[in-house]
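Hi,

Here's the structure I promised to pass on. Have a look, and my notes follow below.

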Amino acid sequence: MRRVRPGVAATRGSTGETGSAAPRAAAPASSRAASPAPSRAPGEERALTSVAAGDRYLAQEGAEAQGGQPVDVPRLWHVTLSVSGEEAPLKEVRRALEQLAHDHPFLLTSRYAGDHAEIRYWEEARDLHDAAAVALRLWGEHRQTAGLPPWEIVGLEVIDRQTYHQRIAEGYGPAPATPVGVHPY
């Protein structure tokens, strides 16, 4: 016989009953959860208990109440990816970057030379870690499909939208991506 304090959930497999040591008849989990306990009088309602909300949920609820963004809503991140390697023909580099822009529609601008390139785009992600992870995979995942040179990533900057616009407003951030497209240095 196992006794359970009122208001505390019984562990899986226990009946939660204190007066009987006899086990219940085996039944599917769905019917077992939906059927009332045998010691309950007909028509008597089950007492419901709740689980305390975690810190993350409370923070999200508080942010939403104050008009802020929910915690897990994707945000926009400005990504600058720099790649470099051995010299490649400019026509091939340009064609490959144009194909990358076609495959990755959020690409803003690319600048290139025969031995290096810079790609700038907006990424939608939950947090900086996710945006950076996607950025670090971008070149390798599109290398074959776009025909990109076998260059390595030599630089990565990921900043949130607010920081990007603040830098632009103060005149010391990356120049706005104008004109959009693929351009030589």
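How many helices and strands does the protein chain have? There are five helices and five strands, counted as DSSP runs numbered from the N terminus (helices are H or I with at least four residues, strands are E with at least two). Reading from the N terminus, their order is α-α-β-α-β-β-α-β-α-β.

Bear in mind that this is a predicted model, where local features need pLDDT of at least 70 and side-chain atom pairs count only at pLDDT 80 or more, while totals for chains, interfaces and linings use all residues. Residues are numbered from 1 along each chain as its sequence is written, and side-chain values use heavy atoms, leaving out hydrogens and water.

On confidence: pLDDT (the predictor's confidence in each residue, from 0 to 100) averages 75 over the protein chain, with 57% of the residues at 70 or above. Among the elements, strand E4 (residues 152-160) has the highest mean, 96, and helix H1 (residues 29-34) the lowest, 45. Over residues 10-37 the pLDDT stays under 50. Where pLDDT is low, don't read the predicted coordinates in detail.

Now the inside. Of the 185 residues, 25% count as buried, meaning under 20% relative accessible area with a 1.4 Å probe, protein chains only. The largest nonpolar core (buried Ala, Val, Leu, Ile, Met, Phe, Trp, Tyr and Cys residues joined through side-chain atoms within 4.5 Å) has 25 residues, and Leu97, Trp139 and Trp151 are among those with the most contacts inside it. Strands E1, E2 and E3 and helices H3 and H4 each supply at least two core residues, with the largest share, six, coming from H4.

Cheers

Key:
Buried < 20%, exposed > 50% of the residue type's maximum accessible area, 1.4 Å probe, protein only. Contact = heavy atoms within 4.5 Å.
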